[in-house]
Amino acid sequence: MRKPVVSSRVFQSLPCLHSFHTSSNLEKVVAGRVKVSKGEKPVTYEKANFPFQIGVRKSWNSHHTGNLEDEDGAAERTLEDFFIRKFIDGTLHQCLATDLIIKRRANRIFLVAIMLRRLPPQKFYFLIGYTEELLSHWFKCPVKMEVQIVDEKPIYKWL
Amino acid sequence: MMCCRMAASQRKLQQFSLSFWSYSHLRYQLTKKQVCRHHGSLVSTSLPDVDSEIEKVSVHSLRGKAMRAMQDRLRKRHPMPSSRENRMAEDQDWTNVYPTAASFKWSAVPLSVRMGYPVNRGIPPHKLGNAELLKIPNFLHLTPLAIKKHCAALKGFCTKWPDGLNTDELCDEHFPVAIETSDYVFSSPSLRCPKARLVQVKLKLSKLPLDKHARWKLIQLVGDLYNKETDELCISADRCPVKQQNLDYAMYLLSVLFHEAHITEPWEETEQTEEDMEEYTWESGKREENLMRIKRRMHNKEISSAEEELKTAYTQVCNNKETSESIGSYKRAVLNLFGLKEPAPET
């Protein structure tokens, strides 16, 4: 544990630094991790493997050339991905069984999704066409959706 | 448990229905059973025997409650329609199933593929709802038969290779100017890459109709662009935003250089020094005068053979790369000229 450099008595005596806290920082990594409970939480493969397993046990959710060495456009692609994920999350609300997979081939964007049977097929067809049309218009490039349906979330283990 | 119950009920159904029901209905029942056995339970994708697993978990534990609730939920739902892989003929044309590049479809690939890191005491997750299988690129659309079909379709658009251009030497002879450009494939809404504007025009100087003066002047003008070893002139242009503009500019440069090389300015004849020459010649330099002076001092002794030797040795040293042999022969020539003996090597 790291000790504060200046003793707390000094801080207490100074009125200007009255609200200054001097505790050591808790270096806990929380991002992208499912909190482990007593085993009643069904978790998919994507969630069960924590971020440091990317490229080892699980693959990337977004495939494009911007992340390769000496290539441009990583920042633009990331921002686009963020927007696409938000859009799909709102459009096909609570239908995604796992995270959306975004693949880019040349100037085309493929959105691969595993969906739950939460909507009737007609609505699915409409929303897929709607998504493709709007995203193609915004990104000025062809966007295609490849949707596959499952009954329940594909559960990998219970955490 | 679900699997066992379904299997048992199906067996009963079969026994009961064999006499009444049509064969097709029986087949449907059988395929449903196969699907269940194939994927195990949906309660876990990665454990081989989930039903016994559920029974091991206490009814009162949170985990047991959650698992059983999920099973109940699944049992109440209408089953999914049977997947396409069950209706596939064995002798079907696979290129119709995967005509172009597409992600893995578990309902269309009749293989029991598994992918992923297994849980403890488990096996890798099955293909149903497996996101890892969708992430990786696949070659299901690039089967040998599909490639054959592509080639057959493309054959109509191909033209015959010209007869007179069978070797690289013949190609170089008939098309001396080589233009090098690059196209880049990358993922972005735009197809245009800023790096694609670079154009290189390469040409052997020996292919151009140049006289001795024009050739040397061209080499002086282009500087580093000329490679002496390969006799190649390489002009690269990247200052304009588009490839075609750069190509036009490079060709313009080439023609300007060619015409400029043929012009002889008046100062070229009067102000040219020894350093401006491409190669040293005995006649051009001042060595002739020096040699005459030496000869006069030596009272016009007969030294014509030594003179010739000196001329060749000195030109060799000036025009070629310095080696110990060329320097040695120059030294011997000078010693001969003055009628001196070579000093004995030091021991």
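**Chains A and B: interface, two loop residues and confidence**

In this predicted model, 41 residues of chain B are in contact with 42 residues of chain A; contact means heavy atoms within 4.5 Å. The two chains bury about 3,700 Å² between them, with 57% of it on carbon and sulfur atoms. Buried area is the accessible area (1.4 Å probe) that two parts lose on being put together, summed over both.

**Interface: who contributes**
- B:Lys135, B:Ser187 and B:Pro189 supply 19% of the area that chain B buries against chain A, more than any other three residues.

**Interface: polar links**
- Between chain B and chain A the count is 1 salt bridge, defined as a side-chain nitrogen of Lys or Arg within 4 Å of a carboxyl oxygen of Asp or Glu.
- A:Glu46 and B:Lys135 form a salt bridge, their closest N and O atoms lying 2.6 Å apart.
- Across the interface, 13 residue pairs are in polar contact, both residues at pLDDT 80 or more.
- A polar contact is a pair of N or O atoms within 3.5 Å; within protein, one must be able to donate a hydrogen and the other to accept it, and residues adjacent in sequence count only if both atoms are side-chain atoms.

**Interface: the chain B side**
- Helices α4 (62-76) and α6 (131-135) of chain B each supply at least two residues of the side that touches chain A.
- The largest share of that side, 7 residues, comes from α4(B).
- By class, that side has 24 nonpolar, 10 polar and 7 charged residues.
- Ala, Val, Leu, Ile, Met, Phe, Trp, Tyr, Cys and Pro count as nonpolar, Asp, Glu, Lys and Arg as charged, and the others, Gly among them, as polar.

**Two loop residues of chain A with positive phi**
- A:Gln94 is not a glycine, yet its phi is positive, near 60 degrees.
- A:Gln94 sits in the loop between α3 (74-91) and β3 (101-105) of chain A; helices (H or I, at least four residues) and strands (E, at least two) are DSSP runs, numbered from the N terminus.
- A:Gln94 is exposed, at 53% relative accessible area; exposed means over 50% (1.4 Å probe, protein chains only).
- A:Lys140 also has a positive phi near 60 degrees.
- A:Lys140 lies in the loop between α4 (121-139) and β5 (143-150) of chain A.
- A:Lys140 counts as exposed, at 62% relative accessibility.

**Confidence and conventions**
- Chain A averages a pLDDT of 87, and 89% of the residues score at least 70; pLDDT is the predictor's confidence in each residue, from 0 to 100.
- In chain A, confidence is lowest in helix α1 (residues 8-13), at a mean of 59, and highest in α4(A), at 96.
- Residues are numbered from 1 along each chain as its sequence is written, and chains are lettered from A in the order in which they are written.
- Local features need pLDDT of at least 70, side-chain atom pairs count only at pLDDT 80 or more, and totals for chains, interfaces and linings use all residues; side-chain values use heavy atoms, with hydrogens and water left out.

Key. Buried means under 20% relative accessible area, exposed over 50%, partly exposed in between (1.4 Å probe, protein chains only).
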